[in-house]
Amino acid sequence: MKICILAPAADYWENWSLPKAHYERLLGPDLAFRCWTEPGDLSGFDLILPLLTWGYQRDVPGWFALLDRLEEEGLPLANPSKVLRWNSDKAYLAELSAAGVATVPTLIRESMSDAALESARDIFDSPRLVVKPPISGGADGTYLIGPSDPLPAEAIGQRMLVQPFLPAISEDGEYSLFYFGGTYSHAISKHPAEGDFRVQEQFGGVERGIDAPDDAKVLAEAALAATDRLLDCGPLTYARVDMVRDGEGNFRLMELELIEPSLFLHFAKDDGALFAAAVGATQS
């Protein structure tokens, strides 16, 4: 099977050599990588995976234009384009919450302002808030705002999400569970550097392989089932479910990563065999 993985733009700064090596090992000699911003003719591939479209949040029109093109040309894509489009905007959290999934409480503000910030403080009764763009990745444009902090100038007038800061992110970490073809594979916990709240490696965050707690699996599978009900998409080729504990110790969904998640396959006990099988089954 000839597979194409859509890769970062040439000028994207983040090192993607580790996932590239995993995909080359698992998906065989016919695997190709094409820059997502200039992929060229894709008609000769049996399957296209957008697993490395890192930075799409920095060129949102270009990203949606790519999805339009893939749909118009009827190219084989995993995950389905309707899932990628839906998952691009974190407003999906409101849909999942309405479907009964325990999410981190989230407000969507179409034009962020100091008044909107104060309103969120009152609604959440939280001294610290997280403010971030609804189309984002890698903690781009994400701010932790304390009780006396002003709204960052970059956020004023922008469409933003507002959430209460959950201290467990620093104390217990963020949990990520991985599912391939709808089947659980492995889990990690991600921990921010001391004094930070962001778990990404570029900010000093570290990851650890873990055995997923049972209640984490319950939440992850509820989120994936709700996604299927909303989109009629069936089991997804790949999914990463990010969550954190709230003040009562219950897991709450932070994000459902269905586009270009780091899969941390070096923590998978089967070395990624389930992932490779899910990709192969997509075209079977």
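Across which strands does helix 1 lie? In this predicted model, helix 1 (residues 17–27) lies across strand 1, strand 2 and strand 3. The helix runs at about 145° to strand 2.

These three strands form an open sheet with parallel pairing, in the order 2-1-3. Strand 2 (31–35) and strand 3 (47–49) are at the edges and have a single partner strand each, so one side of each is left without a neighbour in the sheet. On average, neighbouring strands of this sheet are turned by 25° against each other, direction ignored. Strand 1 (residues 3–7) is joined to strand 2 in the parallel sense by five bridges. Within this pairing, cysteine 4 has alanine 32 of strand 2 as its bridge partner.

A further open sheet is formed by four strands in the order 4-7-5-6, and here the pairing is antiparallel. Strand 4 and strand 6 (143–145) occupy the edges; each has a single partner strand, so one side of each is left without a neighbour in the sheet. Neighbouring strands of this sheet are turned by 25° against each other on average, again with direction ignored. Helix 5 (residues 114–124) packs on the sheet and touches strand 4, strand 5, strand 6 and strand 7. The direction of helix 5 makes about 170° with that of strand 4.

Strand 7 is paired with strand 4 and with strand 5. Strand 4 (residues 107–109) runs antiparallel to strand 7 and is joined to it by three bridges. Leucine 107 stands opposite valine 162 of strand 7, and isoleucine 108 has leucine 161 as its bridge partner in that strand. Strand 5 (residues 129–132) is likewise antiparallel to strand 7, with four bridges between them. Lysine 132 stands opposite leucine 161. Leucine 161 thus faces isoleucine 108 of strand 4 as a bridge partner and lysine 132 in the pairing with strand 5.

Strand 7 (residues 160–164) is mostly covered, with five of its five residues buried. Met160, Val162 and Pro164 point one way from the strand, while Leu161 and Gln163 point the other way. The residues on both sides are buried.

Helix 3 (residues 81–88) is also mostly covered, six of its eight residues being buried. The buried residues are Ser81, Val83, Leu84, Trp86, Asn87 and Ser88. Their cover includes helix 2 (60–72), helix 4 (92–98), helix 7 (214–231), strand 11 (238–245) and strand 12.

Asn87 of helix 3 is buried and also appears in the lining of the largest cavity. The count of cavities of 30 Å³ or more comes to one, and the largest cavity has a volume of about 50 Å³. Besides Asn87, its lining consists of Tyr56, Lys90, Tyr92, Glu255, Leu256, Glu257, Ile259 and Glu260. Strand 12 (residues 251–257) supplies the largest share of this lining, three residues. By class, the lining residues divide into four nonpolar, one polar and four charged.

The second largest pocket holds about 150 Å³ of space. It is lined by Pro105, Phe124, Ser126, Pro127, Arg128, Pro164, Phe165, Leu166, Pro167, Asp246, Glu248 and Arg252. Seven of these lining residues are nonpolar, one is polar and four are charged. Pro164 of strand 7, one of the buried residues of that strand, is among the residues lining this pocket.

How values were computed:
Residues numbered from 1 in each chain as written. Predicted model: local features only at pLDDT ≥ 70, side-chain atom pairs only at ≥ 80, totals over all residues. Heavy atoms only, no water. Buried < 20%, exposed > 50% of the residue type's maximum accessible area, 1.4 Å probe, protein only. Helix = DSSP H or I, 4+ residues; strand = E, 2+ residues; numbered from the N terminus. Pairing = 2+ DSSP bridges. 1 Å grid on protein atoms, 1.4 Å probe; cavity = no way out; pocket = protein on both sides within 12 Å on 5 of 7 lines; lining within 4 Å. Points joined across faces, edges and corners; volume = space filled by probe spheres on them. Nonpolar A, V, L, I, M, F, W, Y, C, P; charged D, E, K, R; others polar. Axes fitted to C-alpha atoms, helices over the stretch in contact; angles between N-to-C directions. Contact = heavy atoms within 4.5 Å.
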